[in-house]
Amino acid sequence: MLEIRNLTVTYGLHKALQGVSLTAEKGEVVVILGANGAGKSSLLRAIAGISEGDVAGDVTLAGASLRSLGADRIVEQGIAFVPEGRGIFGDLSVWENLMLGAYPERARARRKQNLERVVSLFPKLAQRRGQTVRTMSGGEQQMVAIGRAIMSNPDILMLDEPSLGLSPLLCRDLFENLSKIRETGIGVLLVEQNAKQSLAMADRGYLIENGRITGEGQADALLSDPAVQKAYLGGV
Ligand SMILES: Nc1ncnc2c1ncn2[C@@H]1O[C@H](COP(=O)(O)OP(=O)(O)OP(=O)(O)O)[C@@H](O)[C@H]1O
């Protein structure tokens, strides 16, 4: 289990996150909802070890602290991160991107199994294996980014607004795929502005406002909560 306790991220005098606590388990999808600037990216970047701010609090995975580790060591412990903008190598081919994903020590012995997992999720990537990623559509690039993250053999896969810029149809595919990833035993922790579709497939959710957790619960309970509907689902 990934456990965040009392996490605070400060940029100069600005507290972007204040005392945030949450958990995510293998095999579940957890969505963090919040408006622009609520602190969602700051949270994921702090967990991934790439925060530009000062970070305080505890981050543990299966009881082992990740807090003082660098980004590479955090990947080795089993956390993969797909940042906003996807973090892929546009000048390299699909296959080269996937193989780079398998570089961590923990992933090397399982390269074949993880490649099978990626290809069964995204058959298109096998057909396009030699294509330069930069020449692909946004939805296809998103597949490469998620595929590359899966190649690192993660226990927890974190995604920062993966639906950003995708058409409604591609959003639907994306959330279906995240649901399938959960079935392979990986825990998925994502931040989203697309509350309706993400809650519809998630197991649990957290609400974040001005750097603080203001609500949490089972995804179906959040979906039917009038306050959540008003703030995040365009209801009254
Ligand atoms: N590197 C940084 N330096 C200074 N301030 C930052 C930095 N990154 C984020 N912030 C500030 O911290 C706050 C939270 O930003 P963050 O990007 O975490 O929010 P967010 O919920 O991910 O928003 P968005 O959906 O717009 O990405 C904002 O006020 C933002 O301006």
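## Helix α7

Helix α7 is mostly covered, with 11 of its 14 residues buried. Buried means that 20 or more other C-beta atoms lie within 10 Å of the residue's own; exposed means 12 or fewer, partly exposed is in between, and C-beta atoms are placed from the backbone. The buried residues of α7 are Gln141, Gln142, Met143, Val144, Ala145, Ile146, Gly147, Arg148, Ala149, Ile150 and Met151. Helices (H or I, at least four residues) and strands (E, at least two) are DSSP runs, numbered from the N terminus.

This is a predicted model: local features need pLDDT of at least 70, side-chain atom pairs count only at pLDDT 80 or more, and totals for chains, interfaces and linings use all residues. Residues are numbered from 1 along each chain as its sequence is written.

How far apart are the end C-alpha atoms of α7? They are 20 Å apart, which agrees with the 20 Å that the 14 residues 138-151 should span at 1.5 Å a residue. The expected span is 1.5 Å times one less than the number of residues. Just after α7, Asn153 takes a positive phi of about 60°.

## The nonpolar core

The largest nonpolar core has 67 residues. The largest share of this core, seven residues, comes from α7. Such a core is a set of buried Ala, Val, Leu, Ile, Met, Phe, Trp, Tyr and Cys residues joined through C-beta atoms within 7 Å.

The residues with the most contacts inside the core are Ile47, Ile79, Leu157 and Met158. Leaving aside neighbours within four places in sequence, Ile47 is in contact with Ile4, Val59, Ile79 and Met158. Contact means C-beta atoms, placed from the backbone, within 7 Å.

## Helix α8

Helix α8 covers residues 168-183, 16 in number. From first C-alpha to last it reaches 23 Å, close to the 22 Å expected at 1.5 Å a residue. Its buried residues are Leu174, Phe175, Leu178, Ile181 and Arg182. Seen down the helix axis, these fall within an arc of 110°, so they line one face of α8. The arc is that of the directions from the helix axis to the C-beta atoms. An α-helix has 3.6 residues a turn, so residues three or four places apart point the same way.

The buried residues of α8 pack against β3 (29-33), α5 (111-121), α7, β7 (156-160), β8 (187-192) and α9 (195-201). The face turned away from the buried side carries exposed Leu169, Lys180 and Glu183. Just after α8, Gly185 takes a positive phi of about 100°.

## Around the ligand

Which residues surround the ligand? They are Tyr11, His14, Ala16, Gly34, Asn36, Gly37, Ala38, Gly39, Lys40, Ser41, Ser42 and Glu52. Each has its C-beta atom, placed from the backbone, within 6 Å of the ligand. By class, the shell has three nonpolar, seven polar and two charged residues. Here Ala, Val, Leu, Ile, Met, Phe, Trp, Tyr, Cys and Pro count as nonpolar, Asp, Glu, Lys and Arg as charged, and the others, Gly among them, as polar.

Strand β2 (14-24) and helix α1 (40-48) each supply at least two shell residues. The largest share, three residues, comes from α1. His14 sits in strand β2. His14 is exposed, because 9 other C-beta atoms lie within 10 Å.

## Val228

Val228 lies in helix α11 (residues 226-232). Is Val228 buried or exposed? Val228 is buried, with 20 other C-beta atoms within 10 Å. Not counting residues up to four places away in sequence, Val228 touches Leu207, Gly215, Leu222 and Leu233.

Technical notes. Contact = placed C-beta atoms within 7 Å.
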